[in-house]
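These are my notebook entries on a structure I had not examined before. I set down each item in the order in which I looked it up.

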Amino acid sequence: MITKLKVYNDIKQYALTGKLAQAYLFLSPDKFTNAELLLALSKLLLCKNGSACGVCEHCAKINAGTHPDVLVFPKDKNFVVDDASKIYDTVQVKPMLSNKKIYIINGIDNATEQAQNKLLKIIEEPPQNVIFLISANTEEKVLSTILSRVFKHHVEKFDEDVLKMTLNGVEKQTANIAISFGDGYLGKTLELASNANFIEYYKNMKNLICNLKKSEQIPYFSGYFSKDKTCFEESLKILNDFFRDVLMIKIDQQQEVKNKDLQFEFLNLSAEYSIQALTKIIENLTQIKKKLDSNVNLTVLADNLLFDILEVKFLCK
Ligand SMILES: [Zn+2]
């Protein structure tokens, strides 16, 4: 999947045309994508077949984490001065199996200033055959001196089709839900696809938004939220997205609908709610989210939330 990314193919192009730089910084909020991208690139750059083939001597060793010329950092959770020292001590040593030596550094934005400064000294004047592949979730916590020494690439999100292919084998509804809420991030999508709780919350919220019609039903639907705070928070997020989708249909912005699977249900709902009601409900959901952060009784909060939805729907006819 990674090989479909534009950023991967850009680097491939640089390598083919001999325009490879010595230090790159890749930016994506998705840690998983970053880590996979750096590994894929290291394979691409050392592969005997020039394609990250996965089977040649170099690719196989990188896959197994045993390639002597591909060094992955941090060794522990975050990149620390010790990691930078290890790089400093080994950077002059010639590669053993290939003509390049690759340092992979995941999450440089989590490193302390000290560790980054130590790394900076190395990337200022690296030996000829050394390449640094560095990643970060955001560039805000990366020292400007480092930023000025690297070629920066933003990692784009994945297309829906690519994500669908990745989730091939996952039950269809689960895959669709994960893709809708994964925001185009591979790691987040995979995580959601295997998160049975989230799938349950989604189904509950779908049932709620389609069937909540009168106040007698409130105690029943309220139970969907009150299991615990995480359940409440996640359910609230999903419900918020659903109402937003209904609003998008109501104002003829179908292309903005996130949960395409529910388009038919949302179309029916859009006839039941006015634009004003939908806007007000979305506002209320944001307020509820704030209240959730201060310790309140979850059942009471859920009751209020559902009562408000019915009331607003009725008042803003
Ligand atoms: Zn290979």
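**Loops and unusual backbone**

I began with D183, which I located in the loop between α8 (172-181) and α9 (186-193). I should record at once that the model I am reading is a predicted one. I looked up the backbone of D183 and noted a positive phi of about 55°, although the residue is not a glycine. As a reminder to myself, most residues other than glycine have a negative phi. I then asked whether D183 is buried or exposed. It has 14 C-beta neighbours inside 10 Å, and therefore D183 counts as partly exposed.

I next turned to D252, in the loop between α12 and α13 (263-272). D252 is not a glycine either, and I noted for it a positive phi of about 60°. For its surroundings I found 9 other C-beta atoms within 10 Å, so D252 is exposed; the cut-off for that class is 12 or fewer.

I also looked up the peptide bonds. The bond that joins F73 and P74 is cis, with omega about 0°. I placed P74 in the loop between β2 and α4 (81-90). Most peptide bonds are trans, and for that reason I marked this entry.

**The sheet**

I asked in what order the strands of the sheet lie. Five strands form an open sheet, and I read the order as β2-β3-β4-β1-β5, with parallel pairing. At the edges I found β2 (70-73) and β5 (151-154). Each of these has a single partner strand, so one side of each is left without a neighbour in the sheet. From one strand to the next, I noted an average twist of 15°.

I looked at one pair in detail. Strand β1 (residues 23-27) pairs with strand β4 (residues 130-136) in the parallel sense, over five bridges. In this pair I found L25 opposite I134 in β4.

**Helix α2**

I then asked what α2 (residues 31-46) lies across. I found the helix across β1, β2, β3 (101-105) and β4, and it runs at about 165° to β4. I checked its length: α2 has 16 residues and reaches 23 Å from its first C-alpha to its last, which is close to the 22 Å expected at 1.5 Å a residue.

I also looked up burial. Of the 16 residues of α2, 12 are buried, so the helix is largely enclosed by the rest of the structure. I listed several of these buried residues, including T33, N34, K43 and L46.

**Helices α10 and α12**

Two packed helices are described by the angle between their axes and the distance between the axes. For α10 (residues 196-211) and α12 (residues 229-250), I noted an angle of about 50° and axes 9 Å apart. The two helices are therefore oblique to each other. I recorded their crossing as right-handed. On the α10 side, I found F198, Y201, Y202, N204, M205 and I209 making the contact. On the α12 side, I found C231, E234, S235, I238, L239 and F242.

**Residue T299**

My last entry concerns T299, which lies in helix α15 (residues 298-315). I asked which residues T299 touches. Not counting residues up to four places away in sequence, I found S222 and S226. T299 has 14 other C-beta atoms within 10 Å, so I entered T299 as partly exposed. I also compared its position with that of V70, 229 residues apart along the chain, and noted that their C-alpha atoms are separated by 53 Å.

Key
Residues are numbered from 1 along each chain as its sequence is written. This is a predicted model: local features need pLDDT of at least 70, side-chain atom pairs count only at pLDDT 80 or more; totals for chains, interfaces and linings use all residues. Two strands pair if DSSP finds at least two bridges between them. Helices (H or I, at least four residues) and strands (E, at least two) are DSSP runs, numbered from the N terminus. Axes are lines fitted to C-alpha atoms, for helices over the stretch in contact, and angles run from 0 to 180 degrees between N-to-C directions. Two residues are in contact if their C-beta atoms, placed from the backbone, lie within 7 Å. The expected span of a helix is 1.5 Å times one less than its number of residues. A residue is buried if 20 or more other C-beta atoms lie within 10 Å of its own, exposed if 12 or fewer, and partly exposed in between; C-beta atoms are placed from the backbone. Angles under 35 degrees count as roughly parallel, over 145 as roughly antiparallel, 65 to 115 as roughly perpendicular and the rest as oblique. A crossing is left-handed if the near helix is turned anticlockwise from the far one by less than a right angle, and right-handed if clockwise.
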